[in-house]
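User: Hi! I'm new to reading protein structures, and I'd like to go through one step by step. Could you help me with some questions?
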Amino acid sequence: MGDGKACGKACQFIAPDYDALEQRVHGRNATGQGDEAYFGVTHAMHRARLDRPLDGAQWTGVTTALAAALLSSGAVTAVLSVAPDPFDRWKPVPVIVTDPAALESVRGMRMGWAPTLALLEPAAQAGHRRIALIGIPCQVHALRALEAELGFERIFVIGTPCSDNTTTENFHKFLGLIDPKPETISYLEFRADYRVELRFDDGRRPRLVPFLKLPLSRLPADFFPTTCKTCVDYTNRLADVTVGYMGGDGDQWVIARNARGAEMLAMLGDRLVTRPLTDKGRRRAAVRGFLANTERAAGGLPLRRMPDWVRPIVAFLQPRIGPRGIEFARARVEMKAIETVLHLRRGFPARIKNMVPRHVWALVAPYGLEPATTEQRQQDGSDT
Ligand SMILES: Cc1cc2nc3c(=O)[nH]c(=O)nc-3n(C[C@H](O)[C@H](O)[C@H](O)COP(=O)(O)OP(=O)(O)OC[C@H]3O[C@@H](n4cnc5c(N)ncnc54)[C@H](O)[C@@H]3O)c2cc1C
């Protein structure tokens, strides 16, 4: 593309226009009622898993299976995604995949940013007219903002939620803090039961580490970049289908956002096994506690830490009495929105009016965070 203006329009962290993009992609805006207020435009939401989980997948491989179905059926001729770097399995490297069998090599989660959209031009030059992209929300926002100018006949978008990302280098430091043999960690996931799961390739059994026992205080303040700390789209609102785990209560959590997303899921047929969504516990106190701690951290004050002897007790109780299923997903989405507003207020107050869309203000309102006049964008999109 080589066009600086296009970058300004594409970047989610400058002046995203979710209302206009949702209208274009889904034909309507999120209603602001019920769960659409939290998760965005929803055609159908499922707790789901593949009947036979795919080896090497992050969860059961719904994401990979969707991409494979699109390729096998001829609906697309190329899938843009990320593969592990041959010398560093945690580093994402953009790839164009044309053979469904080759998708095996892109399964699983890596930490870091890959310039996947830089493959759009080579894909077009190679003659691909119908493509799919697997991406995290900031990548999908950029794709949607530029989509109309790209000239593809059809672009199917499979999105995953994303809470936080960091550089692959930083991630290696984190791995070094949580295990004495970090080079043997082959899998890591922040699960919805408040534990991090680690798997190893040296024959050790998987480990589950409660969130509360993670060495987060030993991470540098800039471990997560400002972009992630101020992200306004946890759930990948502009994807055709979002595939995550947050609301899945141990299974995957899938949101078809429009008819195209629903058609893609239908391609999996009986392989996609669904169960009723769960919705347990109450999130308000946990989210309020998060708000208080984030205010202190954003103000440069030390966090109120739990005494060490309390940690195992809370770590034991959290998965049992904490919010679960959809309530857990709501809690995480609200926490992320709070983090965005507080970090922007502290570090980049002038950016708030352009960067924070109305769906984020609606999420933080119940916690007493309201936009000041200078923080509001006018209806016509111009500055106040
Ligand atoms: C940085 C990051 C943070 C995430 N945070 C959350 C979260 O908070 N809540 C939640 O529900 N889900 C989150 N996810 C998504 C989750 O980890 C799973 O990817 C998702 O549930 C799909 O599982 P699966 O078995 O269907 O995926 P698979 O079939 O294994 O496919 C995973 C796909 O993700 C792609 N991918 C892997 N790493 C990256 C990357 N760094 N950038 C772009 N694409 C990548 C792979 O290329 C592959 O196509 C996150 C993903 C990433 C990359």
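User: Which residue follows H4, and what is the sign of its phi?

Analyst: Happy to help, and keep in mind that this is a predicted model. Directly after H4 comes glycine 74. The phi of glycine 74 is near 85°, so look at the sign of that value: it is positive.

User: Does the length of H4 agree or disagree with what its twelve residues should span?

Analyst: Each residue is taken to add 1.5 Å, and the twelve residues of H4 should therefore span 16 Å. The C-alpha atoms at the two ends of H4 are 16 Å apart. The expected and the computed span of H4 agree.

User: Is H4 mostly covered or mostly open, and how many of its residues are buried?

Analyst: A residue counts as buried if 20 or more other C-beta atoms lie within 10 Å of its own. Among the residues of H4 that pass are Val62, Thr63, Thr64 and Leu71. H4 is mostly covered, and the number of buried residues among its twelve is ten.

User: Which element gives the most residues to the shell around the ligand?

Analyst: The shell has 32 residues, and Trp59, Thr63, Thr64, Ser163 and Gly244 come nearest to the ligand. Two or more residues come from each of helix H4 (62–73), strand S2 (78–85), strand S4 (130–135) and strand S9 (241–244). With three residues, the element that gives the most is H4.

User: How many residues of each class does the shell around the ligand have?

Analyst: Sort the shell residues into nonpolar, polar and charged. The nonpolar class has 16 residues and the polar class has 14. The charged residues in the shell number two.

User: Which strands stand at the edges of the sheet with eight strands?

Analyst: This open sheet has the order S3-S2-S4-S5-S9-S10-S1-S11, and its pairing is mixed. Neighbouring strands are turned by 30° against each other on average, direction ignored. An edge strand has a single partner, so one of its sides is left without a neighbour in the sheet. That description fits S3 and strand S11 (272–275).

User: What is the bridge partner of glycine 159 in S9?

Analyst: Strand S5 (residues 154–159) pairs with S9 in the parallel sense, over two bridges. In general, strands of a sheet pair through backbone hydrogen bonds, either parallel or antiparallel. Glycine 159 has its bridge partner in S9, and that partner is threonine 242.

User: Which strands does H6 touch where it packs on the sheet?

Analyst: The direction of H6 makes about 160° with that of S5. The strands that H6 touches are S4 and S5.

User: Is alanine 142 in H6 buried or exposed?

Analyst: Alanine 142 sits in helix H6 (residues 137–150). Leaving aside neighbours within four places in sequence, alanine 142 is in contact with Ala10, Cys11, Gln12 and Leu117. Because it has 22 C-beta neighbours inside 10 Å, alanine 142 counts as buried.

User: Where is aspartate 88, and is it buried, partly exposed or exposed?

Analyst: Aspartate 88 belongs to strand S3 (residues 88–97). The cut-offs are 20 or more neighbours for buried and 12 or fewer for exposed. Aspartate 88 has 15 C-beta neighbours inside 10 Å, so it counts as partly exposed.

User: Which residue in S7 stands opposite isoleucine 185?

Analyst: Three strands form an open antiparallel sheet in the order S6-S7-S8. Its edge strands are strand S6 (185–190) and strand S8 (207–210), each pairing on one side only. Five bridges join S6 to strand S7 (residues 195–200). Opposite isoleucine 185 in S7 stands phenylalanine 200.

User: Where is tyrosine 194, and is it buried or exposed?

Analyst: Tyrosine 194 is in the loop between S6 and S7. Its phi is positive, about 65°, although tyrosine 194 is not a glycine. With 20 C-beta neighbours inside 10 Å, tyrosine 194 counts as buried.

User: Which loop holds aspartate 249, and what is its phi near?

Analyst: Aspartate 249 lies in the loop between S9 and strand S10 (252–256). Aspartate 249 is buried, because 22 other C-beta atoms lie within 10 Å. This residue is not a glycine, yet its phi is positive, near 50°.

Technical notes. Residues are numbered from 1 along each chain as its sequence is written. This is a predicted model: local features need pLDDT of at least 70, side-chain atom pairs count only at pLDDT 80 or more; totals for chains, interfaces and linings use all residues. Helices (H or I, at least four residues) and strands (E, at least two) are DSSP runs, numbered from the N terminus. A residue is near a molecule or strand if its C-beta atom, placed from the backbone, lies within 6 Å of it. Ala, Val, Leu, Ile, Met, Phe, Trp, Tyr, Cys and Pro count as nonpolar, Asp, Glu, Lys and Arg as charged, and the others, Gly among them, as polar. The expected span of a helix is 1.5 Å times one less than its number of residues. Two strands pair if DSSP finds at least two bridges between them. Two residues are in contact if their C-beta atoms, placed from the backbone, lie within 7 Å. Axes are lines fitted to C-alpha atoms, for helices over the stretch in contact, and angles run from 0 to 180 degrees between N-to-C directions.
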